[in-house]
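The following exercises concern a single protein chain. Each sets a task and then works through the solution step by step.

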Amino acid sequence: MVGKLIKHELFSTIRIAAIPAVVMLLLAILTRITVETSNVSLAITSVSFYMFSVAATLFIGYFFGIHSFYQSLFTSNGYLTLSLPVTPDQLIWSKLIAAITVMFASIIICILSACIFFIGLPEEVIQQITDAFAQMGDSINRFINAEPMVFVELILFAIVYVPMMFLVFYTVMCIGQLFTVKNRKAIAILIYVGIVFVWSVFNQAIFTHINSSMAEVSIHLAMWVNIVFYAAVSVGCYFFVRYVIKNKVNLLA
């Protein structure tokens with residue numbers, strides 16, 4: 001059943017997210033053609049639209065991963081979703097896996113469009129870009145060779161941080177669901193703004209200083225502090241979302 005849920009989530013999200021992705025790929029081709037012309041204003045306009053399409057592709061891929069959670073659980077669709085023979089854990093995991101998959105697919109498509117844009121550029125330009133990436137790669141390789149565990153720690157950090165981005169939004173929507181007033185979307189937005197403000201204050205006043213202090217002792221200590229912290233946030237958000245879906249969903253308000 002979880003596999004079927006994931007397939008449904010992927011299909012419903014991809015059919016919308018595919019539109020800006022296709023537009024972005026077409027604009028990448030068009031931009032590549034226009035930069036070869038002598039019309040500077042046309043080239044600048046084309047590049048501007050292309051950059052906007054890249055941002056739109058990334059935003060839509062991320063947004064619909066969040067919107068799908070609300071749409072299928074906290075609207076009239078929730079009557080059907082919650083009647084399925086699945087557990088709250090299966091619902092959360094199916095939506096989380098689908099959202100992360102679409103997000104990474106959007107990133108890969110953006111990289112592909114960038115490759116299309118760079119195809120056929122003059123050799124000196126390509127050489128400059130290659131040299132820049134080579135220098136960056138050398139620096140990264142030297143750092144990883146000196147501190148090989150950092151690479152593993154970065155992977156662990158991504159594993160806990162990426163799901164957390166979605167789980168925080170799921171949590172905000174679940175908090176809004178606890179209110180019995182009609183305009184729960186507005187309440188959820190206000191709650192999110194409040195969370196962002198509190199996190200900004202906490203990050204500037206406390207967490208940044210903790211990271212700096214830990215990094216002075218060891219880069220590994222700083223990495224593990226971040227991994228444990230974001231893992232704790234992810235786990236806390238997950239169990240709160242699970243509790244709300246299991247006990248507190250109110251589709252009549």
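**Exercise 1.** Determine why Cys-174 forms no bond with the closest cysteine sulfur.

*Solution.* In this predicted model, the cysteine sulfur closest to that of Cys-174 belongs to Cys-237. The two sulfur atoms are 9.7 Å apart, which is too far for a bond. A disulfide would require the pair to lie within 2.5 Å. Cys-237 is accordingly in no disulfide, and the count of disulfides comes to zero.

Next, consider the surroundings of each residue. Cys-174 has a relative accessible area of 0% and is buried. Cys-237, with a relative accessible area of 10%, is buried.

**Exercise 2.** Identify the side chains that meet in a salt bridge, and state which parts of the chain the pair ties together.

*Solution.* The count of salt bridges comes to one. Its partners are the side chains of Asp-89 and Arg-242, with 2.9 Å from N to O. This distance satisfies the cut-off, which asks for a nitrogen within 4 Å of a carboxyl oxygen.

The next step is to place both residues. Asp-89 lies in helix 4 (residues 88-118) and Arg-242 in helix 8, so the salt bridge ties together parts that are 153 residues apart in sequence.

Finally, accessibility is examined. Asp-89 has a relative accessible area of 22% and is partly exposed; Arg-242, at 25%, counts as partly exposed.

**Exercise 3.** Describe how helix 7 and helix 8 pack, and classify the residues in their contact.

*Solution.* Begin with the geometry. Helix 7 spans residues 184-217 and helix 8 spans residues 219-247. Their axes are 6 Å apart, and the packing angle is about 145°.

Then list the participants. Helix 7 contributes residues including Trp-199, Phe-202, Phe-207 and Met-214. On the side of helix 8, the residues met include Leu-221, Val-225, Phe-229 and Tyr-230.

Lastly, sort the contact by class: 13 residues are nonpolar, two are polar and none is charged. Asn-211 in helix 7 and Asn-226 in helix 8 take part in this contact.

**Exercise 4.** State which elements make up the chain, and what share of its residues is buried.

*Solution.* The chain contains eight helices and zero strands. Read from the N terminus, the order is α-α-α-α-α-α-α-α. Of its 253 residues, 34% count as buried.

For the surface, the chain exposes about 15000 Å², of which carbon and sulfur atoms supply 74%. For the contacts with a separation of 6 or more, 78% come from residues 24 or more positions apart.

How values were computed
Residues numbered from 1 in each chain as written. Predicted model: local features only at pLDDT ≥ 70, side-chain atom pairs only at ≥ 80, totals over all residues. Heavy atoms only, no water. Helix = DSSP H or I, 4+ residues; strand = E, 2+ residues; numbered from the N terminus. Buried < 20%, exposed > 50% of the residue type's maximum accessible area, 1.4 Å probe, protein only. Contact = heavy atoms within 4.5 Å. Areas by Shrake-Rupley, 256 points an atom, 1.4 Å probe, with all protein chains shown as cover. Axes fitted to C-alpha atoms, helices over the stretch in contact; angles between N-to-C directions. Nonpolar A, V, L, I, M, F, W, Y, C, P; charged D, E, K, R; others polar.
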